[in-house]
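Please load the model in a viewer and keep a selection panel open. The tour below proceeds from one selection to the next.

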Amino acid sequence: MKKDIILAGVGGQGILSIAAVIGMAAVESGLYLKQAEVHGMSQRGGAVQSHLRISDKPIASDLIPEGKCDMILSVEPMEALRYLPFLAPDGWVVTSSNPFPNIPDYPGQERLVREIQKAGNHIIVDAQAIARELGSPRVSNMVMLGAASGQLELSPDRLHVATGLLFAKKGEDVVRMNISALEAGKNAAVTS
Amino acid sequence: MSKLVLLGDEAIGQGALDAGLSGVYAYPGTPSTEITEYIQKSKQARERGVHSDWSANEKTAMEAGLGMSYAGKRAMVCMKHVGLNVAADAFVNAGMTGVNGGLVVVVADDPSMHSSQNEQDSRFYGKFARVPVLEPSNQQECYDLVRYGFDLSEMFSLPVMLRITTRLAHSRSAVEKSPEHPENGLRLPSDLKQFILLPSMARKRYKTLLAVQDKLETESQEAGLNRVEKGEDSSRGIIACGLAYNYYREVAGGAGFNHPVLKIVQYPVAARILNEFVGGVDEVLVLEEGAPVLEESLRGVLDNIHSIRGRLDGTLPRDGELNPRLVQTAMNLKVEPGRKIPDVVRTRPPALCKGCSHIDMYNALNEALEGYAPGRVFSDIGCYTLGALPPYNAINSCVDMGASVTMAKGASDAGLRPSVAVIGDSTFTHSGMTGLLDAVVEKSPVTVIISDNSTTGMTGGQKSHATNRLVAICTGIGVEPAHIRVMNPLRKHHDENREIISEELAYEGVSVIIAQRECVQTASRRLKGKR
C-alpha cells in the first residue's frame, strides 16, 4: 500500500489539520509516514502545499516525485491545478469548488472547473455549503478530507479517532462537528 | 518505546530534552523557529525548568548558550542560516575558547529561499570555525544526532553544529525516543582561563584547535555515521550528504540501481573514507542539499584523475534545493515530461493580512511622500517587507536585520532628504537599536518608522522584546522626546498619521515614529484564547 498525496490550499485554510488527521490515522494503522509542510512567508495568504506520503514500506524522499502523486486534495479549486505536474496519469483530483480570490486577476470559476474536469479522475465538492449546513463554516477542510477518504485506504474508524485526538483540546462539540463534516464530505463525494 | 510523529525541528527539540538539555537560546527564524517553540511547549522542559525564552538576536543567543556551557551545562542555540551571520563572531570564537558543558548549534538552511534573502550553506561556517558538523537525513537522525552532538561536544570540548535544511525542518515522520539523559550539574571549567581570548592565550587555544582536527577526522571515520553502502555497479559511486541521500534512495529504488553509496552525516569527513570510495568507482556523483561544499574540496583546483560530477559541472543545478526529478536527471534516467500547469492558474504571492497595521502605516507613508521623488524608503526583514509588492510599492530595500536604519543614515549622509527607514518592532530590538545610536550621535536627518505590531509576526507571532519598551529605548538612546511620535495605524486616523509623518520628514534630525497596533493574527488568537 502506498499513497502519495499533495494537499493544497491558501495559507490559513487548514490543510495542515487535514495532514495531521491523515498522518495520525496512518501511523496508528502501522504505516510509514513522511509529510513535508510549508511554513513561513507563504503562510501569509500565499499558495501553500504539503507533500504527504504513507506506505507499508519505508519511505525515502520527503518530496513526492513529479508525475507520481496519487491524489491532489485541495481546499481551493485554482490551487488544485497548481500541482498537476505532480499528478500520476491515473491520479485523482479532489477539490472544493470554493474560490479564495485574494488576487486581482483570479480566473472565472467555470474555466477552473473545466480544467479540473480535463485532468481526469476528479471529485468536486461545494465544501463551504456543506459546512454551512452543518452550522460551522470552519469545518470545510474536514468536509474535503471526508470527500477524499474513499480513496485513502484508511479505515473510517481510524480517521474518526485521529480527528478526535486532533480536536480533543477544543472540546467534545468541536470533535463531533468535525466528525460530522468528515461523514458529510464522504457522502457528498459518493453523490458528486 | 513510544513513537512520536515529529517535524525535523521538533525531533531536534525532543532529542535535546532527552539528551540532558538545560537551556535553549534562539531568535525566531524560518525554518528553525519550531525547535525552540517545541521546547517552550514541552511539559518535560517545564518540569525540569529548562531555559527556553527567546533572545534579542542570534548573537546574544549564541553568547548565552556559551555562558551556560561555561557553567558546565548542556546548551543548544538555534537559528536560521542568515542568523549565523549575526552570531558569527560568537560562533567562530566559541571554536577558539572551546566549551565546557556540551554546546550544540543548530542552523537551519533554506536552499531555494522559500523564506529567506539568500541560500548560504552553513557547512562553510563549520569548516571556517573548524568545528564538527552533523547533517541528518531524516527525523530519527535529527533526534539521535543531537545527543551524539552533545557527547561529541564534551568529548572534544568544542561546539558542534547540527545543520538541517527546510525540507527536513518542516517534514514530519515517526521518531523513536531514547532513555532520558540527566542534566549536567553546575561545574565551572577546570581551567578558569580557558575562555579568555587575550592574544597570548588565544594563540595557545588556536594551536589546540588546529591540533584536534586530525582527531575529529578519526572520530568521524570511527563513529560509523559516514558509511559506505555496497553496490555491484561501480561505473558510478554516489556520495550523498544529509537529505540528498533520501532523493537518491527514492530514485534508485524505482530504477533498480545498484551503485555503491557513501552516506555523509559527519564533517570533517576523513580523507581515508573518501579516497577509498572514490578509488573504487569509475566516476563519482556528489549530491548535496545546498552549496557544493564537499564537491569543491574533492575537486580542488588541479586537474583531477577522478571524474567528479555534481553541481559544479552542470550535472545538477548550481543553486536551489534538490528533488527526486533533479536526481533522476543526474542519474541519466529518462524523465517523462509531467502535466502542464494550466494557463488559468495565477501566481498567488504572500500578502499582508486583511486589517494588518502595516497596511495603514504604508498608506499614510506613501501619501506623506507624494511630494518627493521616489526611492527613499529603506526597509527591513519581516511581514512589512511585503510592502515591496503592489499595491503599496512602498519600499526600496530589504537586506539584513537592522539595515533599514543604517542604510537610511548612510543615504542621508550622502545628501538624500528625506531618508526613511521602516523597521518592525522585533527587528528593531534585534539589530536596529545600535544603528539608531549612530544616527543620534551624528544628529543625522533620518525618519525611522517602527511599525510596531508587538510581535515577531512573520515567523508566527513570537514574543517581541520591544513590546511596551520602544519609547523608553528610543529616549534612552538619545532621540529628542519631541521627535518620538506615537501613532495608531488605523484608517480612521489616516489624515492625522500622514501629518505626523510629513512633519517628521521635514525635520533635519533624528525622528522616530512608532506606529503601534497589535498584529491581527496574534490579536485574534488572544481573543479566541479568552473565549
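Begin with Pro418(B), which sits in the loop between H16 and S15 of chain B. The model is a predicted one. Display the backbone on either side of this proline: the peptide bond from Arg417(B) to Pro418(B) is cis, with omega near -15°.

**The strand after the loop**

Next, select strand S15 (residues 420–424) of chain B. Five of its five residues are buried, so S15(B) is largely enclosed by the rest of the structure. In a regular strand, side chains point alternately to the two faces of the sheet. Colour the two sides separately: Val420(B), Val422(B) and Gly424(B) lie on one, Ala421(B) and Ile423(B) on the other, and all are buried, which leaves both faces of S15(B) covered. Add strand S14 (residues 377–378) of chain B, which pairs with S15(B) in the parallel sense over two bridges. To locate the register, pick Val377(B), whose bridge partner in S15(B) is Val420(B).

**Other backbone features to select**

Which peptide bond has omega near 5°? The bond from Pro390(B) to Pro391(B) does, and it is cis. Pro391(B) belongs to the loop between S14 and helix H16 (403–413) of chain B.

Most peptide bonds are trans, and most residues other than glycine have a negative phi. Two residues with positive phi follow. Select Ser112(B), which has a positive phi of about 80° although it is not a glycine. Ser112(B) is in the loop between S4 and helix H6 (123–129) of chain B. With 16 other C-beta atoms within 10 Å, Ser112(B) is partly exposed. Then move to Lys443(B), also not a glycine, with a positive phi of about 50°. Lys443(B) is placed in the loop between helix H17 (425–442) and strand S16 (446–452) of chain B. Is Lys443(B) buried or exposed? It counts as exposed, because it has 12 C-beta neighbours inside 10 Å.

**Two helix pairs in chain B**

Select helix H1 (residues 8–18) and helix H2 (residues 33–41) of chain B; they pack at an angle of about 50°, with their axes 7 Å apart. H1(B) is therefore oblique to H2(B), and the crossing is right-handed. Show side chains at the contact: from H1(B), Asp9(B), Glu10(B), Ile12(B), Gly13(B), Gln14(B) and Leu17(B) meet Glu34(B), Ile35(B), Tyr38(B) and Ile39(B) of H2(B). By class, this contact has five nonpolar, two polar and three charged residues.

Keep H2(B) selected. Seven of its nine residues are buried, so H2(B) is largely enclosed by the rest of the structure. The buried residues of H2(B) include Thr33(B), Thr36(B) and Glu37(B). Among the elements covering them are strand S1 (3–7), H1 and helix H3 (43–48) of chain B.

For the second pair, select helix H15 (residues 357–368) and helix H19 (residues 494–505) of chain B, which pack at an angle of about 55° with their axes 8 Å apart. H15(B) and H19(B) are therefore oblique to each other, and their crossing is right-handed. Residues in the contact include Asp360(B) and Asn363(B) of H15(B), and Arg498(B) and Ile501(B) of H19(B). The residues of this contact divide into five nonpolar, four polar and three charged.

**A sheet with strands from both chains**

Now display both chains. An open sheet of eight strands runs in the order S6(A)-S5(A)-S4(A)-S1(A)-S3(A)-S2(A)-S7(B)-S1(B), with mixed pairing. Its edge strands are strand S6 (122–125) of chain A and S1 of chain B, each of which pairs on one side only. The twist averages 20° from one strand to the next. H1(B) packs on the sheet, touching S1 and S7 of chain B, and its direction makes about 125° with that of S1(B).

Within chain A, strand S4 (residues 69–74) and strand S5 (residues 87–96) pair in the parallel sense over five bridges; Leu73(A) has Val94(A) as its bridge partner in S5(A). Between the chains, strand S2 (residues 32–36) of chain A and S7(B) run antiparallel and are joined by three bridges. Select Gln35(A) to find its bridge partner in S7(B), Arg172(B).

**The contact between the chains**

Finally, select the residues where the chains touch: 37 residues of chain B are in contact with 39 residues of chain A. Elements giving two or more residues to the chain B side include strand S7 (171–176) and helix H11 (244–255) of chain B. H11(B) gives the most, with five residues. By class, the chain B side has 18 nonpolar, 10 polar and nine charged residues.

Terms used: Residues numbered from 1 in each chain as written. Chains lettered and ligands numbered in written order. Predicted model: local features only at pLDDT ≥ 70, side-chain atom pairs only at ≥ 80, totals over all residues. Contact = placed C-beta atoms within 7 Å. Helix = DSSP H or I, 4+ residues; strand = E, 2+ residues; numbered from the N terminus. Nonpolar A, V, L, I, M, F, W, Y, C, P; charged D, E, K, R; others polar. Pairing = 2+ DSSP bridges. Axes fitted to C-alpha atoms, helices over the stretch in contact; angles between N-to-C directions. Parallel < 35°, antiparallel > 145°, perpendicular 65-115°, else oblique. Left-handed = near helix turned anticlockwise from the far one by under 90°. Buried ≥ 20, exposed ≤ 12 C-beta atoms within 10 Å, placed from the backbone.
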